[in-house]
Amino acid sequence: CESDQSNASDCDEDIGHRDFRPPDVPNAITVLTWNVAAVNNNPFEYWISYKDPSYLDLMQGVEEFLEDPAEEDVEVSHVFTQSMFEELRSLCAAEGMSG
């Protein structure tokens, strides 16, 4: 695809499948991000092909939890309390944030 084209979807070139490869560094923390501009902005709606059973277990576990949280389904106010919100609002105000 030519670099001067404004829309990559206009390209006929197929970039193909690419596997994610973590860095070869002991105890490294690896972060991966991608465009999640879907209507619902749910990053767990999409997942990549990654040959690591723990990754697949994580993503399947998230999907199962979202489908049926059972007794783990709690209101946000039980996790993020009103006092926590007030503290956050004060800290934001102290940084000059408004709204």
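This is a short walk through a predicted model, with a selection to make at each stop.

**Colour by confidence.** Start with pLDDT across the protein: the mean is 75, and 63% of the residues reach 70 or more. Now pick out the helices. Confidence is lowest in helix α1, residues 53-67, with a mean of 87, and highest in α3, with 93. Then jump to residues 1-12, where the pLDDT is below 50. Leaving aside near neighbours in sequence, that stretch has three contacts in the model.

**Select E86 and R89.** Both sit in helix α3, which spans residues 82-94. They are three residues apart, or about one turn of the helix. Show their side chains and you'll find a salt bridge, at 2.7 Å from N to O. Don't bother hunting for others: a search of the whole structure turns up one salt bridge.

Are these two partners buried or exposed? Neither label fits: E86 has 31% relative accessibility, so it counts as partly exposed. R89 comes in at 44%, so it is partly exposed too.

**Select V74, V76, V79, F80, M84, F85 and L88.** Switch on the surface here, and you're looking at a nonpolar patch of about 620 Å². Which helix gives the most to this patch? That's α3, with three residues. Helix α2, residues 76-79, is also on the list, as α2 and α3 each supply at least two residues. For a last click, go to V74: this patch member is in the loop between α1 and α2.

Methods
Residues numbered from 1 in each chain as written. Predicted model: local features only at pLDDT ≥ 70, side-chain atom pairs only at ≥ 80, totals over all residues. Heavy atoms only, no water. Salt bridge = Lys/Arg side-chain N within 4 Å of Asp/Glu carboxyl O. Helix = DSSP H or I, 4+ residues; strand = E, 2+ residues; numbered from the N terminus. Buried < 20%, exposed > 50% of the residue type's maximum accessible area, 1.4 Å probe, protein only. pLDDT = per-residue confidence, 0-100. Contact = heavy atoms within 4.5 Å. Patch = residues over 30% accessible without salt bridge, like charges linked within 9 Å, V, L, I, M, F, W, Y side chains within 5 Å. Areas by Shrake-Rupley, 256 points an atom, 1.4 Å probe, with all protein chains shown as cover.
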